[in-house]
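Please look through the structure below with an eye to how its helices and strands are put together, and keep in mind that the model is predicted.

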Amino acid sequence: MRKWTRAGDAVVGKFDRQEAAVVRGLVSQIQDMLLARAEEAPQDELAQLTGIRTGPSTPPDDPILGRLLPDFHRLDPDAPDPAEVDSANALRSLHEPQLLDAKTAAAAVVLDTCPADGGEVRLASAQAEAWLAALNDVRLALGTALDVQEDMPDELPPDDPRSPHLGVYHWLTWVQETLVEAVMD
């Protein structure tokens, strides 16, 4: 991929077939995880009548989903107050559906604008913002799965099973950084 550039009101990038497949595959996996989480939402007749949706009231068990859908209120890990727990659960139930909608919509923009066989990607401002959000979600998920730490070396020993995937993580970081630079131009 060449770095993203500004072309008038658009931001332009070019992906080869393999790069497009990596982006589309990872974004699709995140979208599938988020849609499955949305399906866990309780079915509420009152919500259907009023249009007010609620989501699950408890955090996801999966660490990747937990990173993508963090708590809306941090509890004292040593002595959580039951009232605080109820409040945190209520906040999650109220706000998680909108967060899921935003994240799945951003993923849909990437899947709609990234050609399956590679090629030029030309993004309007709102589409570029969606790409940034979706790439961030992929990097969060991949970073969680790889247990990326601040003091982690740029390369891992070849026998480390995370080694090939860390290269993808670094490449996605570069794609995101150059997209930010092009958006800011």
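A good place to begin is the contact between two helices, in which Ala-128, Trp-131, Leu-132, Leu-135, Asn-136, Val-138, Arg-139, Leu-142, Gly-143 and Leu-146 of H5 meet His-165, Leu-166, Val-168, Tyr-169, Leu-172, Thr-173, Val-175, Gln-176, Leu-179, Val-180 and Val-183 of H6. Sorted by character, the residues of this contact of H5 with H6 comprise 15 nonpolar, five polar and one charged.

How are the two helices placed relative to each other? Helix H5 covers residues 125-146 and helix H6 covers residues 163-184, and they pack at an angle of about 155°, with 10 Å between their axes. Angles over 145 degrees count as roughly antiparallel, and H5 and H6 are therefore described as roughly antiparallel to each other. The crossing that H5 and H6 make is left-handed.

From the helices we can turn to the strands, three of which form an open sheet, ordered S1-S2-S3, with antiparallel pairing. At the edges of this sheet lie strand S1, residues 2-7, and strand S3, residues 119-123, each of which pairs on one side only. From one strand to the next, the twist averages 20°.

Looking more closely at one pair, we find that S1 and strand S2, which spans residues 10-15, are joined in the antiparallel sense over four bridges, and that Arg-2 stands opposite Lys-14 in S2. Helix H5 then links the two parts of this description, since besides meeting H6 it packs on the sheet, where H5 touches S1, S2 and S3 and its direction makes about 110° with that of S3.

Key
Residues are numbered from 1 along each chain as its sequence is written. This is a predicted model: local features need pLDDT of at least 70, side-chain atom pairs count only at pLDDT 80 or more; totals for chains, interfaces and linings use all residues. Side-chain values use heavy atoms; hydrogens and water are left out. Two strands pair if DSSP finds at least two bridges between them. Axes are lines fitted to C-alpha atoms, for helices over the stretch in contact, and angles run from 0 to 180 degrees between N-to-C directions. Contact means heavy atoms within 4.5 Å. Angles under 35 degrees count as roughly parallel, over 145 as roughly antiparallel, 65 to 115 as roughly perpendicular and the rest as oblique. A crossing is left-handed if the near helix is turned anticlockwise from the far one by less than a right angle, and right-handed if clockwise. Ala, Val, Leu, Ile, Met, Phe, Trp, Tyr, Cys and Pro count as nonpolar, Asp, Glu, Lys and Arg as charged, and the others, Gly among them, as polar.
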